[in-house]
Amino acid sequence: MIITNANIITWERPNRIIYGQALVFTGSVIKEIGPQSTIIADYPNEEVLDANGQWLMPGLICAHTHFYGTFSRGLYIPAPAPADFPEILKKLWWPLDQSLLAEDVKYSSLLCMIDAIKHGTTTLFDHHASPNFISGSLDVIEDAFLETGIRGVVCYEVTDRGGKEKAEEGIQENLRMIKKLNHSDSEHLVKATFGMHASLTLSEETLERSRELLPSASGIHIHAAEHWVDEYDSINKSGMRVIERLNKHHFLGDKSIFVHGVHLDHSEIAQLIQTKTWLSHQPRSNLNNAVGLGDIDSQIRAGLRVCLGNDGFSNAMWDEWRTCYLAHKGWNRDPRRMGANTIVDMAVYNNSDLATQFFDGTRIGRIEPGAKADLVLVDFDPITELSVDNLPWQIIFGFRDSMVTTTIVNGKVLMKDRKLTTLDEKEVNIKARALSKNVWQRYAKQF
Ligand SMILES: [Zn+2]
């Protein structure tokens with residue numbers, strides 16, 4: 001396919017905006033950017049998509065999300081309202097994830113993926129939990145990825161919350177999917193990693209067992225130090241802080257994604273930096289759970305590789321950018337904190353490096369020859385002059401996720417002129433609403 005009449009934002013380092021040229025991709029890969037007439041002459045058989053002056057850019061990437069939480073929207077949590085994050089886990093997320101069966105996992109995933117396509121998010125790292133449907137749950141999510149056509153990485157949250165047998169079932173589900181997906185061909189849209197819930201729900205025994213079985217090429221995806229309770233629990237169990245404890249079990253490294261890290265101390269941050277472990281930041285979730293905010297911009301300056309995720313909030317990633325921009329200023333009472341360029345470092349460059357690493361080194365999240373054709377068109381008419389230098393601020397203050405009109409993943413058009421091509425959204429919503437009622441009933445019975 002040839003895309004003509006687009007202003008191309010490449011997100012190379014340094015970034016470029018290319019005007020008056022066309023982009024061509026064949027199969028799943030970007031081939032060339034060049035003068036429109038030359039490209040059309042050189043690729044006479046390719047379909048032409050006229051962008052009509054829109055911005056063409058790489059699809060957005062989400063480094064941490066939970067499809068399973070979708071049916072929480074509108075859910076009635078019995079009074080009194082949870083007073084802190086541990087109570088939120090006990091009153092909302094744990095009774096909810098225990099209410100999910102196979103169909104619920106499928107439709108929770110489909111709803112999120114439709115939301116992602118509509119908002120230009122083309123790669124998602126999911127962290128799944130459904131304690132009453134563990135074995136086979138990741139196949140259901142993989143199938144949803146294949147049905148919608150977007151790209152993602154799956155894992156199951158291993159935990160001791162439900163006893164030894166369920167912890168083992170979670171371990172086996174991760175291992176099975178790593179074996180199934182991480183040897184598949186580079187065109188396959190789904191990869192797997194090894195999920196763990198959080199230090200506070202993991203025994204020494206389960207950590208040891210997981211380490212013993214985890215293939216050396218894999219890392220883990222785990223919540224870490226989201227709330228101070230995680231740190232205190234770890235000190236009680238092991239005499240060590242969370243990162244030290246997980247480091248002792250050799251879970252740190254450049255394949256591992258640690259999530260939140262709000263309550264890390266200097267030593268823990270240094271260990272993450274030394275081992276090149278990824279940290280994923282979710283400011284909307286941190287604010288919603290009232291767990292505080294990590295000192296993210298100074299951690300980035302110190303060399304920590306911080307990505308941006310949404311932790312199950314909407315897949316409108318520019319909303320996450322905006323919250324990030326505002327939250328750190330307010331939290332620190334300093335308007336110089338968290339510049340838009342720092343958000344680009346996380347959400348564009350680090351997320352791109354993370355996704356590229358998980359998909360066998362083929363570049364994802366950048367427009368250049370050889371990169372994956374994961375692309376979005378944005379119908380944005382700037383009211384002031386837009387330049388490479390002010391683009392991060394133009395996005396924060398001007399871009400709206402509803403301006404995404406076309407989404408392409410792996411060279412396949414998933415939405416064109418705001419119409420989904422792979423799914424009937426209305427039908428999915430009807431089915432999901434019916435399922436959500438039953439999920440809510442199973443949830444309510446636990447109180
Ligand atoms: Zn999470």
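This text goes through a predicted model, from its two domains to a few of its helices and strands.

The chain is assigned two domains: domain 1 covers 2–58 and 363–420, and domain 2 covers 60–358. Between the C-alpha centres of domain 1 and domain 2 there are 29 Å. Where the domains meet, 23 residues of domain 1 are in contact with 30 residues of domain 2. On the side of domain 1 that touches domain 2, the elements giving two or more residues are α14 (391–398), β16 (404–409) and β17 (412–416). Of these, α14 gives the largest share, with four residues. By residue class, this side of domain 1 has 13 nonpolar, four polar and six charged residues.

Helix α12 comes next. It spans residues 317–332 and holds Tyr325. Tyr325 counts as buried because it has 21 C-beta neighbours inside 10 Å, where 20 or more are needed. Leaving aside residues up to four places away in sequence, Tyr325 touches Met338, Ala340, Ile343 and Ile396. The position of Ile396 falls in α14, the helix at 391–398. His127, by comparison, is 198 residues from Tyr325 in sequence, and their C-alpha atoms are 25 Å apart in space.

The next element is strand β10, residues 194–198. Five of its five residues are buried, so the strand is largely enclosed by the rest of the structure. β10 runs parallel to strand β11 (residues 220–224), and four bridges join the two. Ala198 has His223 of β11 opposite to it. Together with helix α6 (residues 204–213), β10 and β11 make a β-α-β unit, and this unit is right-handed.

The last element is helix α9, residues 266–274, in which Glu268, Ile269 and Leu272 are buried. Seen down the helix axis, the buried residues of α9 fall within an arc of 100 degrees, so they line one face of the helix. The face turned away from that buried side carries exposed residues, namely His266, Ser267 and Gln274. Which elements are included in what covers the buried residues of α9? They include two helices, α8 (242–248) and α11 (296–301), and two strands, β12 (257–260) and β13 (278–281). Just after α9, Lys276 takes a positive phi of about 60 degrees.

Key: Residues numbered from 1 in each chain as written. Predicted model: local features only at pLDDT ≥ 70, side-chain atom pairs only at ≥ 80, totals over all residues. Domains from an automatic or database assignment. Contact = placed C-beta atoms within 7 Å. Nonpolar A, V, L, I, M, F, W, Y, C, P; charged D, E, K, R; others polar. Buried ≥ 20, exposed ≤ 12 C-beta atoms within 10 Å, placed from the backbone. Arc of directions from axis to C-beta. Pairing = 2+ DSSP bridges. Right-handed = clockwise from strand over helix to strand, strands pointing away.
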